[in-house]
Amino acid sequence: MLRQGFWLYRSSKLPGSHQACCSIKELDAFSRASVIKVDPDKPLEGVRLAALQARKTLLVPTPRLRSGLFNRIVPPAGATKEILRICSTSRGIKEYSVPVGLDGKVRVDLVVVGSVAVSEKGWRIGKGEGYADMEYAMMVSMGAVKEETPVVTIVHDCQVLDISEELLDDHDLTVDYILTPTRTIKTNCKRPKPQGILWHKVSYEMLAKIPILKSLRYKEKQTGKDVTLQDEHPDLANANESTALNEKAMPGNTRPQAAMGSAQLGQQYVESDSLSPRLEGSGTITTVYVGNIPPNVRVSELKYALREFHATPLKVNWQGAQHRAFLDYKDKAAAESAVSSLKGLSLGGNTLRVELAKNQRNKGQVEINSQKLI
């Protein structure tokens, strides 16, 4: 019944949705905010419109986080009220938005989420998919929000209920304000918000569905954080294997420096990956293009990321001076899997561009070209 009520409210079949959204303009937290993140739910259109009319920077999460974390809504110059209204809808999110990558250095001043139910204590229940909780945890990981960043939810009065604390987990997001068609409730919630991504609750399946999680996991692992996944069992054997893998992935300074030196001279650097078997017999390999590589990133860092993301190629054709690399895989299926795994990967502050190379060559041609480059 609760979820049915949410869907009715989501489609604006329950009265008061617009009135509840408009009341956000009376909050000091809204007045002070420059950057506002609002979920893409239908009942929150009024909040998105209010943010655009007040000339706030409006961020909307990408659907199911499939292609990143945020889209920034950018209305056209001189937009009329009607155009701003369109920008606040699902159509406008598609037509008037630009993606914001991990390197965007976003600082969010106010977070607005939808809820299935919420208590006056600030305890919240979502739709059961966990995306709002994960979005917030990812924002913490990115440094986009702080503990004191206010969180608001917009609901109908019938969705404000007593919620048992037993239903809550440590990854659940709490709220500071509840707006309904008739009330504005300041919760003074004492329960702490998520402090970041709880990797031990993230599965391989979730990692595959949300590509940006892979980049965040890679970045946090680089800082020494424990990023062991739900599906992993950190016994001694796995720990030893991981240590050996890291040692292989991050070699001494001699080879990476040599690679960087050749890149600075504008030459191509081809690196055979010892972890990948040689392709035997005839066949067609498929090449993946990696672009937008920062000038300070070394080939060793890319190779380490490839191993971490289980996307180790047969060969790495490093072209650092051109800020790109080409990765050779044994077939199209392996290459497409690598593109999917590396989607959203960020190195040196840049989100890399990863796609199948436009010009594909057969195995023999690549072997010859590689020998020449070496």
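A residue is called buried here when its relative accessible area is under 20%. That cut-off comes in handy for the charged side chains of this predicted model, where a search of the whole structure turns up 11 salt bridges.

Start with lysine 37, which sits at just 1% relative accessibility and so counts as buried. Its side chain pairs with glutamate 135, with 3.0 Å between the closest N and O atoms. This salt bridge ties together distant parts of the chain: lysine 37 belongs to strand β1 (residues 35-38), glutamate 135 to helix α7 (residues 131-142), and 98 residues separate the two. Glutamate 135 has a relative accessibility of 6%, so this partner is buried as well.

Lysine 37 has another acidic partner, aspartate 39, and here the N to O distance is 2.7 Å. Aspartate 39 comes out at 6% relative accessible area, and therefore also falls in the buried class. Put together, Lys37, Asp39 and Glu135 make up a network of salt bridges, with lysine 37 bonded to aspartate 39 and to glutamate 135.

A further salt bridge joins the side chains of glutamate 45 and lysine 42, at 3.2 Å from N to O. The two ends of this pair fall into separate classes. Glutamate 45, at 18% relative accessible area, is buried because the cut-off is 20%. Lysine 42, on the other hand, has a relative accessible area of 38%, so this residue is partly exposed.

Methods: Residues are numbered from 1 along each chain as its sequence is written. This is a predicted model: local features need pLDDT of at least 70, side-chain atom pairs count only at pLDDT 80 or more; totals for chains, interfaces and linings use all residues. Side-chain values use heavy atoms; hydrogens and water are left out. A salt bridge is a side-chain nitrogen of Lys or Arg within 4 Å of a carboxyl oxygen of Asp or Glu. Buried means under 20% relative accessible area, exposed over 50%, partly exposed in between (1.4 Å probe, protein chains only). Helices (H or I, at least four residues) and strands (E, at least two) are DSSP runs, numbered from the N terminus.
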